[in-house]
Amino acid sequence: MKIIVLNGKANCGKTSVLKKLYAKIVANNLFLQIYFQQESAYDLSALFECSGKKIGITTLGDGETELKKTFNIFAKESCDLVVCASRSRDTKNGAVRYIKSLGADLIWYKKAYIEQWLTKYNANAEIDEINDIQAKVLLEEILLQI
C-alpha cells in the first residue's frame, strides 16, 4: 500500500483540498466509487476502483482511533493507495505513528496555504483556487501511482 499524506497546520484547508479531490474523482469516468462514509459533518471517507486498483480517500488524519477504523476498511478492501491528511509529521502524534507503523510507502505533500493573504486581503477566492489546484495535483499523483 502507498499512502499520500496531505500535511499542514490546523485550519489551513487540508479537508477542503481532499473534498475537492473527492469531487474530481467522482466526476472522472475512470473511477468507480465502491464505498462512501460521511464520517462527521466535515469529514468523509471513500473507496474507488480504477484500472483494477483500489484507492481510498479520507479527510481524517489527526484522530488515531477514527483513522484506524477507516484504514481497517481500506486494508480489508486491499487498497493499493490511500490519501489522508495530517497536521504533523511527528510520531508523537498517534495518527502519524499509526500511519508509519503500517510500513507503507509514504508520499508527503505540504498543504499550500498563505495565511497572510486571508488576514490582510480577505482572499477567500484566491485560497479556494489554490485548494483546487492542489486537488488537481493530487489527482495527477494518484493517476501516476496507479
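In this predicted model, Val26 counts as partly exposed, its relative accessibility being 44%. The residue belongs to helix α1, which spans residues 14-27. When neighbours within four places in sequence are left aside, Val26 is in contact with Gln33 and Phe48. Thr58 lies 32 residues from Val26 along the chain, and the C-alpha atoms of these two residues are separated by 14 Å.

Charged side chains were examined next. Side chains of opposite charge can pair when their charged atoms come close. A search of the whole structure finds four salt bridges, among them one between Lys24 and Asp132, in which the closest N and O atoms are 2.9 Å apart. Because Lys24 lies in helix α1 and Asp132 in helix α5 (residues 124-145), this pair ties together parts of the chain that are 108 residues apart in sequence. Both partners are partly exposed, Lys24 at 21% relative accessibility and Asp132 with a relative accessible area of 22%.

Asp132 also takes part in a salt bridge with Lys136, for which the distance from N to O is 3.7 Å. Lys136 and Asp132 are four residues apart in helix α5, so about one helical turn separates them. Lys136 is partly exposed as well, with a relative accessible area of 44%. Through shared partners, the salt bridges join Lys24, Asp132 and Lys136 into one network.

A further salt bridge is formed by Glu77 and Lys54, whose closest N and O atoms are 3.4 Å apart. This pair links distant parts of the chain, since Glu77 is placed in the loop between α2 (64-76) and β5 (81-86), whereas Lys54 is in strand β4 (residues 53-58), and the two are 23 residues apart. Glu77 is partly exposed, with a relative accessible area of 30%, and Lys54 likewise counts as partly exposed, at 21% relative accessibility.

Lys111 presents another arrangement. Its place is in the loop between β6 (105-110) and α4 (115-121). Lys111 is buried yet has no salt bridge, and the nearest side chain of opposite charge, that of Asp128, is 9.3 Å away. Because a salt bridge requires a side-chain nitrogen of Lys or Arg within 4 Å of a carboxyl oxygen of Asp or Glu, the separation of 9.3 Å between Lys111 and Asp128 does not qualify. The side chain of Lys111 is instead joined to that of Asn131 by a polar contact of 2.7 Å. Not counting residues up to four places away in sequence, Lys111 touches Leu6, Asn7, Gly8, Cys12, Gly13, Lys14, Val17, Asn131 and Gln134.

The cysteines were also considered. The count of disulfides comes to zero. Cys12 is in no disulfide, and the nearest cysteine sulfur, that of Cys84, is 14 Å away. For Cys79, which is likewise in no disulfide, the nearest cysteine sulfur is also that of Cys84, at a distance of 12 Å. Because a disulfide is a pair of cysteine sulfur atoms within 2.5 Å, neither the 14 Å separation for Cys12 nor the 12 Å separation for Cys79 meets the criterion. Cys12 is buried, with a relative accessible area of 4%, and Cys79 is buried too, with a relative accessible area of 6%. Cys12, in addition, is one of the residues touched by Lys111.

Notes: Residues are numbered from 1 along each chain as its sequence is written. This is a predicted model: local features need pLDDT of at least 70, side-chain atom pairs count only at pLDDT 80 or more; totals for chains, interfaces and linings use all residues. Side-chain values use heavy atoms; hydrogens and water are left out. Buried means under 20% relative accessible area, exposed over 50%, partly exposed in between (1.4 Å probe, protein chains only). Contact means heavy atoms within 4.5 Å. Lys and Arg count as positive and Asp and Glu as negative; His and the chain ends are not counted. A polar contact is a pair of N or O atoms within 3.5 Å; within protein, one must be able to donate a hydrogen and the other to accept it, and residues adjacent in sequence count only if both atoms are side-chain atoms.
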